[in-house]
Structures are given as C-alpha cells and as structure tokens.
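Hi,

Here is the structure I said I would pass on. Have a look at it first, and then read on for what I found in it.

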Amino acid sequence: MSVKSELRKALIKKRKTVSGRGEKDKKILSFLTSLDDYNSADTLLVYVPLEGEINTEPLIENAIKNGKTVAVPYCENRCGKMSFYVISSLDELSVGTFGVREPDRNFNKRLEDFENSIIIVPGVSFSRDGHRLGYGGGYYDRFLQNYRGKSVGLCYEDMICDSIPVQEHDIAVNILITDKSTESLGG
C-alpha cells in the first residue's frame, strides 16, 4: 500500500470522529458564501457530499434559489474523466459511480462554458498550502488542469495535515476554507 493510500485510510477513519459536524459545516459554508469570488460567480461547480464530507446540500439549494447556475460532477468512466451537469434540484440526482449521487446525462444539460464559475473541490484532507488528499481516482486533478476559475477546498480544521504527499499531476486549490479560517493561496 502506498503512503498516500495509508494516509487516506487513516484520515477517513479520523474524519468519522470529528465532532460538531453540523455547526462546523454551517461555519464553513458561511465563510464560503461571504467570499467575493463566490458572490461574483454566475456558476457554481460543486460536489454532492458523501458520508463524512462537508455537507454542501444547503449550499446547492441556496445557490439554485439565488439564481446561480449549479453543476455537479458526473464520472464519465473509470479512467478519470469527469464532466459537470446543470441541476435545478437535488431531487434530480441518483446514486451512480462510486456511490456518489449524480445527475442524469439524458435529462440534465452538460455544462460546456466554465466562464465566471467557481469550483468546490472535495477532499479527505488538505495541507495549508492547498494540496489535497482525494480518494485516489484523479478526477478532480484531471479536471483542474484545464480549469481557469477559482478552486476552493473545504476541510474541517481537525483534518488539516502539515503536509500531504504530492505528485507532479496534483493541483492545489486557490482557496482553503475550514471551520476556523479562510486562506487565499493565490492563483
């Protein structure tokens, strides 16, 4: 097992012990929605939470209600290709690849224009310099290679690592938000 795999396994276990999640999630989303980068974006690219992840559902519902275009990821294949599809309700999602709720490619429109958007990137953990430990599929790193908008990582303060093993294809987020702070990391 690689260093990243061992760290991922240990941190997923640790994340299950994070207390006060509901309040921490609210703080994180409050920090996010107070960002100029978030408020000026017309389009929100956002993950649908898995168990243990910061709950983005209130963010999704609020963004839709406030007229933002909201797009969520769809894993096109098991080779790491991910696309985003526009949704108008969480009810449009069903369990798909890796147990993640995804949009229906036959019903929802694939987003082609990422201008004036912001992306919320999931992670098991992040380091203070914005590098993330994901789930090992590389979907977000591949997508972020060509993405020109701001990327935001959401993480519980208790889950921040001093350092994360980084490979050349790993892409750091521009902004890191925890339940304690918001850090702009450039880009």
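Which residues of H2 are buried? They are Lys24, Asp25, Ile28, Leu29 and Leu32. Seen down the axis of H2, these buried residues fall within an arc of 130°, so they line one face of the helix. That fits the usual pattern: an α-helix has 3.6 residues a turn, so residues three or four places apart point the same way. One caution before going further: this is a predicted model.

H2 itself covers residues 21-33, 13 residues in all, and spans 18 Å from its first C-alpha to its last, close to the 18 Å expected at 1.5 Å a residue. Its buried residues pack against two helices, H3 (36-40) and H4 (57-65), and against strands S6 (117-121), S9 (150-154) and S10 (175-177).

H4 can be read in a similar way. Leu59, Ile60 and Ala63 are its buried residues. Down the axis of H4 they fall within an arc of 100°, so they too line one face of their helix. The elements that cover them include H2, H3, S1, S2, S3 and S6. Just after H4, glycine 67 takes a positive phi of about 90°.

Now the strands. S1 (residues 43-46) runs parallel to S2, with three bridges joining them, and also parallel to S6, this time with four bridges. S6 in turn pairs with S9, again in the parallel sense and over four bridges. If you want to check the register, here are some of the partners:

- Threonine 43 has threonine 69 in S2 as its bridge partner.
- Leucine 45 is bridged to alanine 71 in S2.
- Valine 46 stands opposite isoleucine 120 in S6.
- Isoleucine 118 stands opposite lysine 150 in S9.

How are the side chains of S1 arranged, and are they buried or exposed? Thr43 and Leu45 point one way, Leu44 and Val46 the other way, and all are buried. S6 does likewise: Ser117, Ile119 and Val121 point one way, Ile118 and Ile120 the other, and all of these are buried. In a regular strand the side chains alternate between the two faces of the sheet. With five of its five residues buried, S6 is largely enclosed by the rest of the structure. The same can be said of S2, because six of its seven residues are buried.

Threonine 43 is worth a closer look. It is in strand S1 and has a relative accessible area of 7%, so it counts as buried. Leaving aside residues up to four places away in sequence, threonine 43 touches Thr69, Leu111, Asn116, Ser117 and Ile118.

One of those contacts, asparagine 116, has a backbone oddity: a positive phi of about 55° although it is not a glycine. Most residues other than glycine have a negative phi. Asparagine 116 lies in the loop between strand S5 (101-102) and S6, and at 38% relative accessibility it is partly exposed.

On to the rings. How many aromatic pairs are there? The count comes to five. In one of them, the rings of tyrosine 74 and tyrosine 85 have their centres 5.8 Å apart and their planes at 75°, so the pair is edge-to-face. Tyrosine 74 belongs to strand S2 (residues 69-75) and tyrosine 85 to strand S3 (residues 82-87), so the pair ties together parts that are 11 residues apart in sequence. Both tyrosines are buried.

Phenylalanine 84 and phenylalanine 143 make up a tilted pair, 4.9 Å centre to centre with 55° between the planes. This one links distant parts of the chain, as phenylalanine 84 is in S3 and phenylalanine 143 is in helix H5 (residues 139-144), 59 residues apart. Phenylalanine 84 is buried, at 1% relative accessible area, and phenylalanine 143 counts as buried at 13%. Ring pairs also join Phe84, Phe114, Phe143 and Tyr147 into a cluster.

There is a charge over a ring as well: the charged end of lysine 68 sits over the ring of tyrosine 38, 4.6 Å from its centre.

That's it from me. Over to you!

Key
Residues numbered from 1 in each chain as written. Predicted model: local features only at pLDDT ≥ 70, side-chain atom pairs only at ≥ 80, totals over all residues. Heavy atoms only, no water. Expected span 1.5 Å × (residues − 1). Buried < 20%, exposed > 50% of the residue type's maximum accessible area, 1.4 Å probe, protein only. Arc of directions from axis to C-beta. Contact = heavy atoms within 4.5 Å. Phe/Tyr/Trp six-rings, centres within 6.5 Å; stacked < 30°, edge-to-face > 60°. Lys NZ or Arg CZ within 6 Å of the ring centre and 35° of its normal. Pairing = 2+ DSSP bridges.
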